[in-house]
Amino acid sequence: MKIDLKELYPLQAELDKDIAKRHHITYKKTFYSRLLALIVELGEFANETRCFKYWSFKKASPKEVILEEYADGLHFILSLGVALKNKKTIYEIKKNKEYNLVTAILEAYQESLKLKDDYSSKQYKKAMSSYLNLIAYLGYSPKEVKDAYLSKLKVNYNRQVNKY
């Protein structure tokens, strides 16, 4: 399964531009904040899946909630790619047969955290791939992910207008 993010990068760039103008910020000044936001959103996503909560009988949150948290993280990882002028837009989404959702999330954390010391196109592509691969463990389609992103994009613009 493949996902093409070609239409999402320009949308994210426009949102980033709007936020930068409203808050008088730059990509350079906010790199660490964007990276931390990605890590926090990845944690919120994991929390909604409940995949690591071996002690609990409670089931995962509804699909829409999980997708919304995933879309939150997607905004930040796309933003990191916009700043790098990333050219790659098509990614193969695949499960690692040796992983489950917990270990796939840990890999996404690990590859994303490597961006702190190696903010390069090569490392970005690894981080993005590991992030996108998460959807394979949940059985979500690229269309569902894109739709969740677009829905959250509207929310994020509204938040800027309403001084969130």
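**Exercise 1. Which side chains meet in a salt bridge at 3.5 Å, N to O? Classify both partners by accessibility.**

Solution. A quick reminder before we start: this is a predicted model.

Step 1: look at Lys-116 and Asp-117, whose side chains form a salt bridge with an N to O distance of 3.5 Å. That fits the cut-off, which asks for a Lys or Arg nitrogen within 4 Å of an Asp or Glu carboxyl oxygen.

Step 2: check the accessibility. Lys-116 has a relative accessible area of 45%, so this residue is partly exposed. Asp-117 comes out at 70%, so Asp-117 counts as exposed. The limit for exposed is over 50%.

**Exercise 2. Work out where the salt bridge between Arg-34 and Asp-16 sits, and whether its partners are buried or exposed.**

Solution. Step 1: get the distance. The closest N and O atoms of Arg-34 and Asp-16 are 3.8 Å apart.

Step 2: place the two ends. Arg-34 belongs to helix α2 and Asp-16 to helix α1, with their positions 18 residues apart, so this pair links distant parts of the chain.

Step 3: apply the burial limit, under 20% relative accessible area. Arg-34 has 11%, so Arg-34 is buried. Asp-16 has 6%, so Asp-16 is buried too.

**Exercise 3. Describe the salt bridge between Asp-147 and Lys-143, then find the network that shared partners create.**

Solution. Step 1: the Asp-147 and Lys-143 side chains come to 2.7 Å, N to O, in their salt bridge.

Step 2: both residues are part of helix α6, and they are four residues apart, or about one turn of the helix.

Step 3: Asp-147 is partly exposed at 38%, while Lys-143 is exposed at 56%.

Step 4: now for the network. Glu-68, Asp-72 and Lys-152 are joined into one by salt bridges that share partners. If you tally every salt bridge in the model, you should get nine.

**Exercise 4. Characterise the largest pocket: its volume, its lining and the elements that contribute.**

Solution. Step 1: the largest pocket holds about 530 Å³ of space.

Step 2: 20 residues line it, and the closest to the centre are Leu-15, Ile-19, Phe-76, Asn-156 and Gln-160.

Step 3: map the lining onto the fold. Helices α1 (8-23), α2 (27-49), α3 (63-83) and α6 (142-161) each give two or more residues.

Step 4: sort the lining by chemistry. You end up with six nonpolar, eight polar and six charged residues.

**Exercise 5. Find which residues form the nonpolar surface patch, and say where Phe-52 lies.**

Solution. Step 1: the patch is made of Phe-52, Tyr-54 and Trp-55, and together they have about 430 Å² of accessible area.

Step 2: Phe-52 is in the loop between α2 and α3.

Step 3: patch members need over 30% relative accessible area. Phe-52 has 34% and is partly exposed.

**Exercise 6. Compare sequence separation with C-alpha distance for Ala-83 with Tyr-27 and for Asn-86 with Lys-125.**

Solution. Step 1: Ala-83 sits in helix α3 and is partly exposed at 28%. Ala-83 and Tyr-27 are 56 residues apart in sequence, yet their C-alpha atoms are 6.3 Å apart.

Step 2: Asn-86 is in the loop between α3 and β2 (90-92). Its relative accessibility is 12%, so Asn-86 counts as buried. Asn-86 and Lys-125 are 39 residues apart in sequence, with 8.5 Å from C-alpha to C-alpha.

Note on methods: Residues numbered from 1 in each chain as written. Predicted model: local features only at pLDDT ≥ 70, side-chain atom pairs only at ≥ 80, totals over all residues. Heavy atoms only, no water. 1 Å grid on protein atoms, 1.4 Å probe; cavity = no way out; pocket = protein on both sides within 12 Å on 5 of 7 lines; lining within 4 Å. Points joined across faces, edges and corners; volume = space filled by probe spheres on them. Nonpolar A, V, L, I, M, F, W, Y, C, P; charged D, E, K, R; others polar. Patch = residues over 30% accessible without salt bridge, like charges linked within 9 Å, V, L, I, M, F, W, Y side chains within 5 Å. Areas by Shrake-Rupley, 256 points an atom, 1.4 Å probe, with all protein chains shown as cover. Buried < 20%, exposed > 50% of the residue type's maximum accessible area, 1.4 Å probe, protein only.
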